[in-house]
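Reader: Please show the model, so that we may discuss its helices, its core and its largest pocket in turn.

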Amino acid sequence: MKITDFVYSALIGLVASCRSMTPMAAIAAARITGRDTSGRLLLLDRPLFKYGALAMGVGELFGDKMKSAPDRTVFLGLSARVASAGIAGAALAPSGKEKAGAAIAVSAAVPLAYVTLAARKKAIAEMGQTRSGLIEDTLIVAMGAAVVFLATRPNRL
């Protein structure tokens, strides 16, 4: 086992540090479009969870722009990041190494949530909450989509 085997798990942890639901939404979208993950993924193969993950991903993008949106480092925000990063990190890990992939993704997501929050607060001070949020959304959704696309393969029935 090489550490480079887990690069996608680490990157999806970075995505989770900024948007807690984007990792699961990106994997759900990949599964809907017929792409397979290397790690076993039981939960997001169920339609309720698959479409629910997409809905939560979209909802988070809107909710983040609200003035009352809590910081990503509050307990519930970190809990959501741990769950999402863990599930996505496991799915993107090599087969049989799902626990290590989950641990790596969570290990990236939690500390980076504090770093990305500091960067976001600086951006809010310079350009406002909505504009900085839209820029962050664009970057993070694109990164999440790219990581999942690169880490998955077309389903060969």
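Reader: In which helix is the place of alanine 83?

Author: This is a predicted model, in which local features need pLDDT of at least 70, side-chain atom pairs count only at pLDDT 80 or more, and totals for chains, interfaces and linings use all residues. Residues are numbered from 1 along each chain as its sequence is written, and side-chain values use heavy atoms, with hydrogens and water left out. Helices (H or I, at least four residues) and strands (E, at least two) are DSSP runs numbered from the N terminus. On that numbering, alanine 83 belongs to helix 4.

Reader: Is alanine 83 buried, partly exposed or exposed?

Author: Buried means under 20% relative accessible area, exposed over 50%, and partly exposed in between (1.4 Å probe, protein chains only). Because its relative accessible area is 40%, alanine 83 is partly exposed.

Reader: What distance separates the C-alpha atoms of alanine 83 and valine 106?

Author: Along the chain, these two residues are 23 residues apart. In space, the C-alpha atoms of alanine 83 and valine 106 are separated by 8.1 Å.

Reader: Which residues of helix 3 are buried, and how are they arranged about its axis?

Author: Helix 3 (residues 47-63) has 17 residues and spans 24 Å from first to last C-alpha, close to the expected 24 Å, where the expected span is 1.5 Å times one less than the number of residues. Its buried residues are Lys50, Ala53, Gly57 and Glu60. Seen down the axis, they fall within an arc of 90° (taken from the directions from the helix axis to the C-beta atoms), so they line one face of helix 3.

Reader: Which residues of helix 3 are exposed on the other side, and what does the cover of its buried residues include?

Author: On the other side of helix 3, the exposed residues are Pro47, Leu48 and Phe62. The cover of its buried residues, judged by contact (heavy atoms within 4.5 Å), includes helix 2 (22-32).

Reader: Why does lysine 50 count as buried, and which residues does lysine 50 touch?

Author: Lysine 50 lies in helix 3. It counts as buried because its relative accessibility is 14%. Not counting residues up to four places away in sequence, lysine 50 touches Ala28, Arg31, Ile32, Leu44 and Asp45.

Reader: Which helix supplies the largest share of the largest nonpolar core?

Author: A nonpolar core is a set of buried Ala, Val, Leu, Ile, Met, Phe, Trp, Tyr and Cys residues joined through side-chain atoms within 4.5 Å. Of the 22 residues in the largest one, Ile12, Ile27, Leu44, Leu92 and Val148 touch the most other members. Helix 1 (7-18), helix 2, helix 4 (75-92), helix 5 (98-127) and helix 6 (129-151) each supply at least two residues. The largest share, 5 residues, comes from helix 2.

Reader: Which residues does serine 132 contact?

Author: Serine 132 is found in helix 6. With a relative accessible area of 4%, serine 132 is buried. Leaving aside neighbours within four places in sequence, its contacts are Arg120, Ala123, Ile124 and Met127.

Reader: How far apart in space are serine 132 and lysine 65?

Author: In sequence, the two are 67 residues apart. From C-alpha to C-alpha, serine 132 and lysine 65 are separated by 9.1 Å.

Reader: Which residues lie nearest the centre of the largest pocket?

Author: On a 1 Å grid over the protein atoms alone, a pocket is an open set of points where a 1.4 Å probe fits, with protein on both sides within 12 Å along at least five of seven lines, and lining residues have an atom within 4 Å of a point. Helix 3, helix 4 and helix 5 each give two or more residues to this lining. Of the 21 lining residues, those nearest the centre are Asp64, Ala69, Pro70, Asp71 and Arg72.
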